[in-house]
Amino acid sequence: MKNLFLSAVAVLMLSACATKPVEPVVRIETSMGNVKVVLYNDTPIHRDNFLKLVDEHFYDGILFHRVINNFMDQFGDPDSKTAAPGAPLGESDAGYTLPAEILPHHIHKRGAMNAARQGNDVNPERESSGSQFCLFMGRQFDDDAQLDSVVNKVNSSWRKDCPLVLTDEQREIYKTLGGSPHLDGEYTVFGEIIEGQDVVDAIAGVPTDSLDRPVSDVRIITMVRER
């Protein structure tokens, strides 16, 4: 009887593993090294759109057009492929927007990948750009007092109707891993870096002009689905 019970448990466990959807992984090959990101299955619109653009080679040759040290790297403007040195970038994308898929458990921790978007004044529904995305670094917070300061500042300015709230678990992530909690609830986070965070950090550290564009181009060579 005991062996039958253990066998039944094993079958149930194998069945659960077999039915769990696999999250896609994409390798981003850049002129400064490779980065791998996993895409969340619970943000399917953003996941499928990103994979579609990867399969179409939309990102091949695109620049990281805006980088800020210890904050984030942004890419996805198709005009950047042929942009002259020093030209302003960031106004172009795939030509459409995506409905927001903002989930409270997907936060802007170090390594997060979010979709860029226009501001709330022209985009109250927080729809995402069809092709511009950001990879995050962010700062590490020493204690809850520092996080409380961020929360209070956000909620007293632009989040009065939908206040920012951080769970104990999220606070621990920001204190140990770091990130950008002031963006939580405002942008769709649909994936995270699983390999190559050092490359993302290095890209953010290159010299930039007054518009945060790297002085020497940092380019995406290609993107490849790994699963």
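This report describes the overall build, the nonpolar cores, one helix and two unusual backbone positions of a predicted model.

**Overall build**

The chain has 227 residues, of which 44% are buried. Its secondary structure comprises 5 helices and 10 strands. Measured out along the principal axes, the C-alpha trace spans about 75 × 45 × 30 Å. Among contacts with a separation of 6 or more, 73% join residues 24 or more positions apart. The accessible surface amounts to about 11,800 Å², and carbon and sulfur atoms account for 55% of that area. The chain carries 22 positive and 34 negative charges, and the mean positions of these two sets lie 3 Å apart.

**Nonpolar cores**

The largest nonpolar core contains 30 residues. The residues with the most contacts inside this core are Val 26, Val 37, Phe 50, Tyr 59, Phe 75, Met 113 and Met 223. A second core, separate from the largest one, has 9 residues, including Leu 147, Val 150, Leu 164 and Leu 166.

Val 26 illustrates how distant parts of the sequence meet in the model. With neighbours within four places in sequence left aside, the contacts of Val 26 include Val 35, Lys 36, Val 37 and Leu 39. Val 26 is also in contact with Phe 50, Leu 51 and Val 54, as well as with Met 223, Val 224, Arg 225 and Glu 226.

**Helix α4**

Helix α4 covers residues 168–176, and its buried residues are Gln 170, Arg 171 and Tyr 174. These three lie on the same side of α4, because they cover an arc of only 100° around the axis. In general, an α-helix has 3.6 residues a turn, so residues three or four places apart point the same way. The buried residues of α4 pack against α3, which is formed by residues 144–157. On the face turned away from the buried side, α4 carries the exposed residues Asp 168 and Glu 169. After α4 comes Gly 178, with a positive phi near 95°.

**Positive phi outside glycine**

His 57 has a positive phi although it is not a glycine, and Arg 126 is likewise a residue other than glycine with a positive phi. The table sets out their values and places.

| Residue | Phi | Loop | Relative accessibility |
|---|---|---|---|
| His 57 | about 60° | between α2 (44–55) and β3 (64–68) | 44% |
| Arg 126 | near 60° | between β6 (112–115) and β7 (128–129) | 25% |

With partly exposed meaning a relative accessible area between 20% and 50%, His 57 counts as partly exposed at 44%. Arg 126 counts as partly exposed at 25%.

Technical notes: Residues numbered from 1 in each chain as written. Predicted model: local features only at pLDDT ≥ 70, side-chain atom pairs only at ≥ 80, totals over all residues. Heavy atoms only, no water. Core = buried A, V, L, I, M, F, W, Y, C linked by side-chain atoms within 4.5 Å. Buried < 20%, exposed > 50% of the residue type's maximum accessible area, 1.4 Å probe, protein only. Contact = heavy atoms within 4.5 Å. Helix = DSSP H or I, 4+ residues; strand = E, 2+ residues; numbered from the N terminus. Arc of directions from axis to C-beta. Areas by Shrake-Rupley, 256 points an atom, 1.4 Å probe, with all protein chains shown as cover. Lys, Arg positive; Asp, Glu negative; His and termini not counted. Charge placed at Lys NZ, Arg CZ, Asp CG, Glu CD.
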